[in-house]
Amino acid sequence: MSEDSDAEKTEPASAKRLAQAREEGDVPRSREVATFTVLMTAGAGLWMTGDGLVRQLNSALVSGLTLDQEQIFNADVLINRIGVDVVRVMLACLPLGVAVMVVALASPLLVGGWLFSSKAFMPKFSKLNPINGIGNMFSTNALVELLKAVGKTLLVGFVAWLVVMKYKDAVIGLAVEPIKLGTVHLINMLASSFLFIVGALGLIAAIDGPYQMWHYANKLKMTRQELIQESKESDGNPQIKAKIRQLQREMAKRRMMADVPTADVVVTNPTHYAVALKYADGMRGAPKVVAKGIDEVAAKIREIAKDNKVTILEAPALARALHKHTEIGDEIPEALYSAVAEVLAYVFQLRLFSKGGGNRPEMPKKLDVPPELDPLDPAFIPKHGNKPDTNNGAPA
């Protein structure tokens, strides 16, 4: 079958797919791991607290069976006596019960984690379909469950046989021991036998836990078409997003062109680059770039500047440096303060001359542009400046 076939679920489940499955109550679960941890905790607790537990239960049993005549014929005293004995038994079993309960609540953290989902309680009528039920009976998962059941039976049976053979002489010896000592030995043998048998289930749990994680991930795998469709639903159609970006660029371009008439000067190179600068007199800060562009955009900037009588100055190195190291709305780099100040001084003197005052100023011939800022200078440092060049490869 083709590797690119959309019918093949070859892609791992996405984060969205996993989140949806979790919302529906579908998480990996291993009953073998949960059973093993709970039974092992119960066996270990019985092993550690067995002596004390036997003494407490023995004391409660003796107390419950030792009655005098007054207690027998006085119902209130008898009820109080029974209540005290019940409390003693409960307190004796409390540590073991609490340990088992805590482990039972914590065991889901090993595989799948805690989860409460109201959707899991909703009835699914698809589960009543007999055809689906028959299919599940002969599924791979059913075969795995059958193999686990057979494996558990054989393994537990074999370990139980070994335990019986180990303790058979000790069990026979209990008949000649005092009742208290024999009871303690019996509890210890039961606890150790229990731990051995439950420990055998640890092998099944060690296999079943990773298998359930793998089975869950494999069940939620997606086809490439599903991933593409999900991406479209989450992030939007790529064609629509591209169209939106195009419209945004066009709107930004129109806003930029609308700011050109407000500029003080347009620096050019002389045809490929155009950068419009504005300096608000009396306001803090350096001159700002209100528009910039190359080729057709640069030509449009120059055209608007001419129509609105904005001074156009040919300064190739300065135009290239400004275009390379600034974006629209940015203040000019500090290294270009001197060159731009000379340009603005020329512009303001030219305005004064146009109004009939003073002599016509001379156009700046050689501006102080650091070589490391000029993209065409051999000393140019590509990473120098504030912004990346968004028009790489533009003609000079």
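**View A. Strand β4 supplies T311 as the bridge partner of V265.** The model is predicted; local features are given only where pLDDT is at least 70 and side-chain atom pairs only at pLDDT 80 or more, whereas totals for chains, interfaces and linings use all residues. Residues are numbered from 1 along each chain as its sequence is written, and side-chain values use heavy atoms, with hydrogens and water left out. β1 and β4 run parallel and are joined by four bridges; strands count as paired if DSSP finds at least two bridges between them. Strands are DSSP runs of E with at least two residues, helices are runs of H or I with at least four, and both are numbered from the N terminus. On its β2 side, V265 has L277 as its bridge partner. β1 (residues 265-268) and β2 (residues 273-278) are antiparallel, with four bridges, and a hairpin of four residues links the two strands.

**View B. The open sheet has four strands in the order β3-β2-β1-β4.** Pairing within this sheet is mixed. Its edges are β3 (288-294) and β4 (311-314), each of which pairs on one side only. The average turn between neighbouring strands is 20°, with direction ignored. Six bridges hold β2 and β3 in an antiparallel pair, and one of the matches in this pair is A274 with G293 of β3.

**View C. Both faces of β1 are covered.** V265 and V267 are buried on one side, and V266 and T268 are buried on the other. Here, buried means under 20% relative accessible area, exposed means over 50%, and partly exposed lies in between, calculated with a 1.4 Å probe on protein chains only. In a regular strand, side chains alternate between the two faces of the sheet. The edge strand β3 is mostly covered, with six of its seven residues buried. Across the protein chain of 396 residues, 30% count as buried.

**View D. Helices α10 and α12 lie against the sheet.** Helix α10 (residues 296-307) crosses β1, β2, β3 and β4, and makes an angle of about 125° with β3. Helix α12 (residues 337-354) touches β1, β2 and β4, and its direction is at about 135° to that of β4. Angles run from 0 to 180 degrees between N-to-C directions of axes, which are lines fitted to C-alpha atoms, for helices over the stretch in contact.

**View E. D264 is in the loop between α9 (238-259) and β1.** D264 counts as buried because its relative accessibility is 8%. Its side chain reaches the backbone nitrogen of Y279 at 2.6 Å and makes a polar contact with the side chain of R351 at 2.9 Å. A polar contact is a pair of N or O atoms within 3.5 Å; within protein, one must be able to donate a hydrogen and the other to accept it, and residues adjacent in sequence count only if both atoms are side-chain atoms. Beyond its neighbours within four places in sequence, D264 is in contact (heavy atoms within 4.5 Å) with residues including L277, T311, L344 and F348.

**View F. H325 belongs to helix α11 (residues 316-325).** H325 is buried, with a relative accessible area of 1%. The side chain of H325 reaches the backbone oxygen of L373 at 3.0 Å.

**View G. Helix α6 (residues 140-173) has a kink of about 50°, centred on Y167.** The bend at a residue is the angle between axes fitted to the seven residues ending there and the seven starting there. The 34 residues of α6 reach 49 Å from first C-alpha to last, close to the expected 50 Å; the expected span is 1.5 Å times one less than the number of residues. Y167 is also one of the buried residues of α6, together with V144, K148, V159 and V163. These buried residues pack against α2 (31-65) and α7 (179-219).

**View H. R88 is found in helix α4 (residues 75-106).** With a relative accessible area of 26%, R88 is partly exposed. Apart from neighbours within four places in sequence, R88 is in contact with S59, A60 and S63. R88 and Q56 are 32 residues apart in sequence, and their C-alpha atoms are 7.4 Å apart. In the protein chain, 75% of contacts with a separation of 6 or more join residues 24 or more positions apart.
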